[in-house]
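Here are a few exercises to work through with the model open beside you. Try each task before you read its solution.

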There are 2 protein chains.
Amino acid sequence: MATRPLQRLLTEDLSVATAGAALFAESLRAQAVPVAEAAWQPPLPGTERDLAVVLADARRQEANRLAFERMTAAGAELIDVRPAHQALGLEKGTFLHAGPPVEFDRASGPLRGALIGALLFEGLAETPEEAEARLARGDGVTLEPCHHRDAVGPMAGVISPSMWLYELRDDVHGNRSWCSLNEGLGKVLRYGAYGPEVIDRLHWMNSVLGPLLHQAVRARVDADGPIDIKAIIAQMLQMGDEGHNRNRAGSLMLLRELLPTLITADAPASDIAEAVRFSGANEHFFLNLGMPASKLATLAAHGIPGSSVVTTMARNGTDFGIRVSGTGDEWFTGPAQTPEGLFLGSYGPDDANPDIGDSAITETAGIGGFAMAAAPAIVRFVGGDVPFALRATQTMYEITVGEHPVYQVPILEFRGTPTGIDVAAVARTGILPQINTGMAGRVAGVGQVGAGLVNPPEECFTGALAALARAARIG
Amino acid sequence: MATRPLQRLLTEDLSVATAGAALFAESLRAQAVPVAEAAWQPPLPGTERDLAVVLADARRQEANRLAFERMTAAGAELIDVRPAHQALGLEKGTFLHAGPPVEFDRASGPLRGALIGALLFEGLAETPEEAEARLARGDGVTLEPCHHRDAVGPMAGVISPSMWLYELRDDVHGNRSWCSLNEGLGKVLRYGAYGPEVIDRLHWMNSVLGPLLHQAVRARVDADGPIDIKAIIAQMLQMGDEGHNRNRAGSLMLLRELLPTLITADAPASDIAEAVRFSGANEHFFLNLGMPASKLATLAAHGIPGSSVVTTMARNGTDFGIRVSGTGDEWFTGPAQTPEGLFLGSYGPDDANPDIGDSAITETAGIGGFAMAAAPAIVRFVGGDVPFALRATQTMYEITVGEHPVYQVPILEFRGTPTGIDVAAVARTGILPQINTGMAGRVAGVGQVGAGLVNPPEECFTGALAALARAARIG
């Protein structure tokens with residue numbers, strides 16, 4: 001019999017419920033007494049006192065219910081595609097990046113590489129060496145997390161003022177979020193590559209793809225209204241995607257939505273054909289829509305006093321950082337872990353950089369690693385096996401507030417995905433969120449080396465729990 | 001413990017294997033003796049003698065191995081789209097239909113409706129009444145099964161000389177197969193509707209869609225070679241489709257393959273936009289490619305003396321017919337059963353026609369109902385529940401020769417789909433093939449009323465077994 005969380009057991013008609021050591025349950029079962037075992041693990045070390053305070057916070061249950069309700073009610077519609085200087089008011093010399101704040105001297109290889117590439121792309125340096133020197137001096141360059149502008153970026157997540165962004169809107173809560181356009185896989189900026197082919201592709205994306213997508217999305221909005229990204233996520237979970245490292249069906253559905261106005265855009269036929277080919281060939285095309293959709297969900301849940309629900313998980317390749325609904329804009333960080341998984345070509349574990357990217361916003365919103373049961377084929381990309389994929393989703397129910405009413409997993413008989421990570425539940429169970437992720441080469445310029453599985457460091461959650469306990473004592 | 005086929009048990013390290021009544025196994029298990037139960041059911045009534053002869057046929061095992069090898073090795077590439085009079089040499093007045101041969105006076109409502117529509121479409125009658133009278137008199141009208149021309153048609157499956165067909169090629173065995181273009185759902189010819197909107201759509205498909213697809217496919221073949229339909233089927237099984245009543249991912253992947261040459265075709269931009277819109281809106285677009293691909297697989301396995309592998313399952317709405325590799329072109333028929341499932345709008349069980357269509361060729365080739373474990377979300381379309389979908393696939397292993405090396409089910413840890421129905425295994429176990437299907441209204445002109453689950457009648461298999469036994473006695 002599978003173990004089940006205690007609170008669920010208490011609503012069932014049982015003879016005996018046991019927790020902890022299995023011996024007692026086994027002995028009962030041998031005597032033909034019906035037994036249900038509750039999953040029980042010791043809390044994260046050193047969290048007992050904070051846990052007691054947070055669990056006793058009278059506001060918490062209602063605050064978490066509200067956070068879950070807002071997170072799952074949030075809409076996500078694609079309404080525009082436009083450059084970052086316009087969409088975010090991003091000033092020349094300002095560069096957004098994934099994860100919590102970091103200075104250039106602590107930046108990981110792939111983030112350094114992406115920043116070098118972005119300076120070259122913006123014309124702020126002529127050579128990689130000049131770009132790196134300028135970044136090291138901080139000469140006319142400002143670094144800032146994407147999340148501080150309600151934007152998200154996969155992997156290094158670098159957004160510079162000239163780059164075009166998807167703009168998504170949550171009409172329910174009146175929020176907006178943004179994400180860059182996906183460059184494809186391999187040698188790409190977000191994985192830290194900055195060679196001429198990377199910069200050339202970025203220029204083509206800026207001069208051809210961005211303006212074409214802008215035309216297509218605007219025409220689509222005028223004719224049939226915005227593209228419902230949340231509805232595509234719900235569908236893709238029924239089509240073997242989990243929305244973080246498997247976006248095949250989502251990318252095809254997005255393409256189908258964009259096509260009618262893309263192929264009739266006012267542009268040279270060869271540009272349109274190339275944009276269709278580029279987008280159609282990219283199985284991760286949709287990731288950059290699923291991420292801001294997830295950001296809109298978590299943004300809606302942010303800022304509720306007493307709530308222990310995680311509203312950001314993000315990594316810059318050096319630190320893993322989380323933010324929590326009830327503790328405002330404070331980051332709780334710990335050292336980013338190195339994923340384990342499958343490697344491209346001759347790359348191996350020694351080539352991998354620690355965990356990087358804002359894409360863990362998908363897990364924060366109840367998809368990605370939390371929805372792996374919907375996407376068993378993903379184990380061929382990130383490692384693990386099919387039972388692991390099923391177990392990953394099932395385990396995440398232990399640390400989340402509820403089951404998503406719209407995002408469902410067919411193989412689990414349409415059970416909603418585990419949504420709304422509860423810092424207190426993580427601390428109490430010691431179960432860390434399951435993330436799947438791309439792996440960047442640790443040396444600037446290399447690009448992608450593989451994909452794998454990773455968890456946040458415990459420090460994020462013990463830190464957040466301590467802050468929640470402080471707030472509860474004051475509050 | 002799940003029951004397992006006896007032959008598999010015998011290769012394992014067991015203490016006791018049991019078959020039949022569960023009491024013996026339970027009693028052993030209570031004494032802590034490891035037990036594996038073999039699935040055992042009595043053979044189909046009256047088949048004992050024929051079964052003994054067929055199972056003793058020395059050619060059978062090797063013949064079935066060869067049939068399985070050919071079935072799974074067959075290729076399926078889309079190489080052209082052209083009219084039936086050209087592709088099949090179909091003569092004016094000849095109408096192909098689904099299933100085994102049938103005279104008009106025994107034809108079901110949806111087949112009558114589709115034939116009426118096809119006569120109107122071909123200009124052989126001015127009104128439905130005139131068309132029906134002409135069909136009843138057999139005046140200048142010849143009916144013939146699609147399968148007799150190596151073609152397949154979903155539901156009524158009517159193909160008339162002017163209709164455009166997909167042309168697929170199996171390069172491994174040098175075969176070709178054809179299928180009509182999909183009209184979408186609801187009031188459509190293949191479900192027996194023949195109103196003006198149905199005939200108008202057919203004219204548009206003939207004057208715009210067919211020629212455009214012809215251009216697109218030919219240009220694609222010239223530039224990048226044919227479209228690999230078998231590869232799309234392999235992928236769609238990893239994306240929640242089973243290839244019979246769920247073709248969402250397959251349709252999107254086909255669209256992606258066709259797009260680059262479709263949007264650059266030499267035709268008015270409005271025609272191209274409408275063709276893209278029509279194709280993109282149709283979640284069953286791919287069915288008409290998956291069916292001829294399945295036909296190519298089963299065709300390759302046909303005609304092997306001594307083989308008891310089923311190479312055709314097809315229904316005309318009155319009779320269900322099968323053909324078997326070792327018994328040549330003879331049909332073995334029984335009364336088509338009425339599916340049970342989910343209904344559209346206010347339709348109910350009384351509105352449904354018995355099982356109809358060549359689409360059971362998908363199950364014959366190891367997908368469709370046999371691959372439902374890959375597509376748990378299909379239960380929302382055809383009825384049943386998720387455990388049923390898993391069980392359906394797992395049960396089909398009991399009556400098939402092997403596991404498909406290319407078509408795999410991720411949730412079953414990438415196990416190949418059960419492929420190659422063995423008439424002897426069906427007779428021995430009494431397990432009938434699991435088919436999922438659209439449901440046509442039983443009255444001509446109504447169109448689709450739902451979708452559901454159905455099995456072939458036993459008579460097909462007892463008849464085929466008797467013929468195999470006769471052939472074995474002759475030797």
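**Exercise 1.** Find the bridge partner of Asn436(B) in strand 18 of chain B, then work out the order of the strands in the open sheet of chain B.

*Solution.* Step one: in strand 18 of chain B, Asn436(B) has Leu453(B) as its bridge partner. Leu453(B) in strand 18 is also the bridge partner of Glu340(B). (Strands are DSSP runs of E with at least two residues, and helices are runs of H or I with at least four, numbered from the N terminus.)

Step two: count bridges, remembering that two strands pair if DSSP finds at least two bridges between them. Strands 17 and 18 of chain B pair in the antiparallel sense over six bridges, while strand 13 pairs with strand 18 (residues 448–454), also antiparallel, over four bridges.

Step three: put that together, and the three strands form an open, antiparallel sheet in the order 13-18-17. Strand 13 (340–343) and strand 17 (435–440) each have a single partner strand, so one side of each is left without a neighbour in the sheet. The twist averages 25° from one strand to the next (axes are lines fitted to C-alpha atoms; angles run from 0 to 180 degrees between N-to-C directions).

Before going on, a word on the ground rules: this is a predicted model, where local features need pLDDT of at least 70 and side-chain atom pairs count only at pLDDT 80 or more, while totals for chains, interfaces and linings use all residues. Residues are numbered from 1 along each chain as its sequence is written, chains are lettered from A and ligands numbered from 1 in the order in which they are written, and side-chain values use heavy atoms, with hydrogens and water left out.

**Exercise 2.** Is strand 17 of chain B enclosed or open to the outside?

*Solution.* Check burial residue by residue (buried is under 20% relative accessible area, exposed over 50%, partly exposed in between, with a 1.4 Å probe and protein chains only). Six of the six residues of strand 17 are buried, so the strand is largely enclosed by the rest of the structure.

**Exercise 3.** Locate Asp241(A) and say what its side chain reaches.

*Solution.* First, Asp241(A) sits in the loop between helix 9 (229–236) and helix 10 (248–262) of chain A. Next, Asp241(A) is buried, at a relative accessible area of 0%. Finally, its side chain reaches the backbone nitrogen of Arg248(A) at 3.1 Å.

Definitions and conventions:
Polar contact = N/O pair within 3.5 Å; in protein donor to acceptor, adjacent residues only side chain to side chain.
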